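Hi everyone, thanks for making time this morning. I'd like to walk you through a structure that may be new to you, so please have it open as we go.

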Amino acid sequence: MVERLEQKLAVLFVCLGNICRSPMAEGAFRAAAQKAGLECTVGSAGTASYHIGETPDPRAIAMAKEHGVDISEARGQQLERDDFYAFTHIFALDNANLQGIKATAPRDGLANVALLMDAVEGCEGQAIKDPYYGDIDDFRLAWSEIDRAVAALIARFREHGLKAQF
Ligand code: 4NP
């Protein structure tokens, strides 16, 4: 059994390309955590390698900006084995990516892996729909669902700290 050297909340959001949903989730969560005074590390990644090194989709950047969050400095990364030791919690934006995350997880990985919307009462099992092939309204819907999920996560982490399980 591998043990964590450092006990600090560290949250990773994972979608497919890491240019639309997960950078928005990372930005929304970082801003909300800061506002709540919750100390944590926040990151995002994709299960696919298509957009490594790229900036978020301009529509995701615009949507975050509308909500006072700057995600323009983010760069696409692919989920790695090390992430299962570096992060305490890994949230999938949809079910396909949840399966992808589980397929990548090392057997002794330490992170609690869950579907993001499972944190929202009444929305368990739901996906944040991929807005990439859609329009700005699809990004708006994704942001509002992410925002709801982020609020639920913050409440759980404030109550249970890094021991919160999803
Ligand atoms: P994301 O959206 O997973 O929310 O970042 C996508 C971005 C790119 C692609 C698919 C989904 N793509 O096929 O390139």
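**Three stops in one model**

Let's begin with the company kept by Ser 44. Setting aside neighbours within four places in sequence, Ser 44 is in contact with Leu 12, Phe 13, Asn 18, Ser 22, Pro 23, Glu 26 and Gln 77. Before going on, please keep in mind that this is a predicted model.

Where does Ser 44 sit? You'll find Ser 44 in strand β2, which covers residues 41–46. And is Ser 44 buried or exposed? Its relative accessibility is 6%, and because buried means under 20%, Ser 44 counts as buried.

Two of the contacts of Ser 44 deserve a look at the side chains. The side chain of Ser 44 makes a polar contact of 2.9 Å with the side chain of Asn 18. The Ser 44 side chain also has a polar contact with that of Glu 26, at 2.7 Å.

Asn 18 takes us nicely to our second stop, the ligand, since Asn 18 is one of the residues around it. The others in that shell are Cys 15, Leu 16, Gly 17, Ile 19, Cys 20, Arg 21, Tyr 50, His 51, Asp 130, Tyr 132 and Tyr 133. By type, the shell divides into 7 nonpolar, 3 polar and 2 charged residues.

Now zoom in on the oxygen atoms of the ligand. At Cys 20, a backbone N or O atom lies 2.9 Å from a ligand oxygen. For His 51, an N or O atom in the side chain is 2.8 Å from an oxygen atom of the ligand. With Tyr 133, the distance between a side-chain N or O atom and a ligand oxygen is 3.4 Å. And how much of the ligand does the protein bury? Taken alone, the ligand exposes 350 Å², and the protein buries 92% of that.

Our last stop is Glu 124. Please move to the loop between β4 (112–115) and α5 (136–160), where Glu 124 lies. Glu 124 has a relative accessible area of 47%, so it is partly exposed.

What does Glu 124 touch? Not counting residues up to four places away in sequence, Glu 124 touches Met 117 and Asp 118. Closer along the chain, a polar atom of the Glu 124 side chain lies 3.0 Å from the backbone nitrogen of Gly 122. Finally, if you'd like to try the distance tool, Glu 124 and Lys 102 are 18 Å apart in space, C-alpha to C-alpha, and 22 residues apart in sequence.

Note on methods: Residues numbered from 1 in each chain as written. Predicted model: local features only at pLDDT ≥ 70, side-chain atom pairs only at ≥ 80, totals over all residues. Heavy atoms only, no water. Helix = DSSP H or I, 4+ residues; strand = E, 2+ residues; numbered from the N terminus. Buried < 20%, exposed > 50% of the residue type's maximum accessible area, 1.4 Å probe, protein only. Polar contact = N/O pair within 3.5 Å; in protein donor to acceptor, adjacent residues only side chain to side chain. Contact = heavy atoms within 4.5 Å. Near = heavy atom within 4 Å. Areas by Shrake-Rupley, 256 points an atom, 1.4 Å probe, with all protein chains shown as cover. Nonpolar A, V, L, I, M, F, W, Y, C, P; charged D, E, K, R; others polar.
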